Amino acid sequence: MKAAGIGIGISATATVTAPALATPADAAGAPLAHPGLLHTRTDLDRMAAKVRAGARPYAAGFAKLTANRHAQSGWRPNPQAVVYRGSGSPENYGILYNDIHAAYQNALRYHVSGEEAHADTAVAILNAWSGKLTRLEGSADRFLAAGLYGYQFANAAELVREHGDFDLGRARELMRTVFHPLSDDFLTRHNGAVVTNYWPNWDLTAIACVLATGIFCDERAVVERAVEYFKHGDGMGSVKHAIPVVHEDGLGEWVEAGRDQGHALLGVGLMGTVCEMAWNQGIDLYGYDDSRFLKGAQYVAKWSLGGDVPYRANTRRKGAIGGGSGSETASGVAGVDPSMTRPIWAMIANHYTKRRGLPASYLTRAAAKAAPEGGGGDYGPNSGGFDQLGFGTLAFTRERVEETAAGSTPGPDPSGGARGAGGVRPQASASPAAGGDLAATGSGDAAGWAAAAGIGAVAGGLLLLRKRDRGRRGVAE
């Protein structure tokens with residue numbers, strides 16, 4: 001590299017960008033870390049070193065990447081001035097998501113292999129789109145396009161931001177003027193609908209895009225906007241609305257399990273993406289509210305593996321504001337196909353078991369079953385196969401955390417510019433909760449995952465201090 005979803009569509013064509021939240025005075029000058037979206041410099045260096053050494057399961061994950069047709073340096077972009085998604089429009093959004101995944105996969109392949117041709121291809125794709133795309137249109141699904149492809153574009157661009165030929169300014173402008181406004185507006189007005197009209201994944205695509213925009217464009221206030229919505233937003237995608245109930249067994253009910261399996265998996269993957277990007281800026285959403293996301297992810301993993309989970313009936317209002325709304329009740333969990341998967345589990349399982357040292361058997365079983373995870377193009381040709389960037393086996397497999405005395409508080413390392421609001425190290429939950437199996441030691445299922453992943457067994461029963469990188473740039477994992 002050269003130095004230098006489905007829901008009721010309410011018609012709403014006007015876009016109004018909500019004002020960003022005020023930046024806390026003590027956080028206003030805090031620098032954002034780069035690369036610092038889904039991957040840090042430490043992550044990229046780890047992948048490269050492990051693949052060079054032929055280590056398991058990284059080598060298998062990299063082989064999955066290199067076999068994907070999107071990861072080839074001969075990919076040529078096909079940028080469009082206007083992208084349409086949704087009924088009633090000449091849909092062409094598949095062109096956009098295929099090109100974005102090609103950019104991401106080539107950029108990731110460059111960082112692992114060092115082959116310049118892949119970095120050049122990623123740059124060519126991203127520059128082509130930032131030089132031509134002017135707007136997203138269509139039905140309500142245009143908000144999904146903004147959220148999904150916005151966070152993905154930012155992640156691909158983050159990996160080549162230092163390339164001498166990459167037009168960083170133009171890429172930032174595309175995020176600020178095309179992707180971010182729709183996502184921010186959705187969190188504010190929900191397309192003119194009552195706030196519960198849209199299931200959690202709609203909010204979560206928007207949160208992911210807003211957060212990615214803030215990080216990629218170095219706008220702390222935009223980052224804080226996404227973080228605040230994750231914690232306290234009125235829509236169904238905020239963490240306490242997506243996971244409204246924690247049952248006696250410690251599992252957190254994922255509300256969209258009452259809808260269908262595919263959208264529940266999408267929601268968990270998106271919430272994990274938000275948590276990971278925030279973590280890499282020193283903001284601990286993984287541990288927020290006594291690790292509520294862990295409890296919800298465990299619930300969906302158990303259910304998707306064919307296990308029985310409780311479900312408290314949930315009724316939500318639907319329809320346009322002032323237009324006579326109806327309601328819909330989900331009275332139980334939907335049916336599942338245990339063979340259905342998305343490339344979402346490695347990132348979440350490795351955070352909780354490797355960074356935090358918490359046993360999480362359903363997550364680790366789901367991750368082992370899905371390994372090695374692929375990416376866009378490996379899960380079918382339709383849009384659902386491109387909702388996640390994927391390749392978690394390669395990107396997120398981690399070493400065993402360092403053991404320390406019980407009661408230690410793991411969390412993002414604020415060294416190297418990654419820190420939370422006010423530069424204060426975020427505090428993780430002191431409770432290894434999130435499902436009855438989480439009270440167990442790290443043997444059994446967690447050890448099985450470790451064996452399947454080719455890494456050391458997880459120590460159980462203790463709160464463990466995450467391994468701190470002492471590498472050349474000191475960026476937190």
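Analyst: A helix here is a DSSP run of H or I at least four residues long, with numbering from the N terminus. Keep in mind that this is a predicted model.

User: What makes Asp185 and Arg189 about one helical turn apart?

Analyst: They're 4 residues apart in helix 6 (residues 168–189), so about one helical turn separates them.

User: And why is the contact between Asp185 and Arg189 called a salt bridge?

Analyst: The closest N and O atoms are 2.9 Å apart, and the cut-off is within 4 Å, so the pair qualifies.

User: Which of the labels buried, partly exposed or exposed fits Arg189?

Analyst: Buried means under 20% and exposed over 50%. Arg189 has a relative accessible area of 32%, so it's partly exposed. Asp185, at 1% relative accessibility, counts as buried.

User: How do you know that Glu276 pairs with Arg355?

Analyst: Their closest N and O atoms are 2.9 Å apart, which means the within 4 Å rule is met. Glu276 lies in helix 10 and Arg355 in helix 12 (residues 345–355), so the pair ties together parts 79 residues apart in sequence.

User: Which residues share a salt-bridge network with Glu276 and Arg355?

Analyst: Asp43, Arg46 and Arg398 are joined with them into one network through shared partners. Within it, Arg46 bridges to Asp43 with closest N and O atoms 3.1 Å apart.

User: Why is Arg46 called buried or exposed?

Analyst: The buried label needs under 20%; Arg46 comes in at 10% relative accessibility, so it's buried. Asp43 is at 0%, so that one's buried too.

Key. Residues numbered from 1 in each chain as written. Predicted model: local features only at pLDDT ≥ 70, side-chain atom pairs only at ≥ 80, totals over all residues. Heavy atoms only, no water. Salt bridge = Lys/Arg side-chain N within 4 Å of Asp/Glu carboxyl O. Buried < 20%, exposed > 50% of the residue type's maximum accessible area, 1.4 Å probe, protein only. Helix = DSSP H or I, 4+ residues; strand = E, 2+ residues; numbered from the N terminus.
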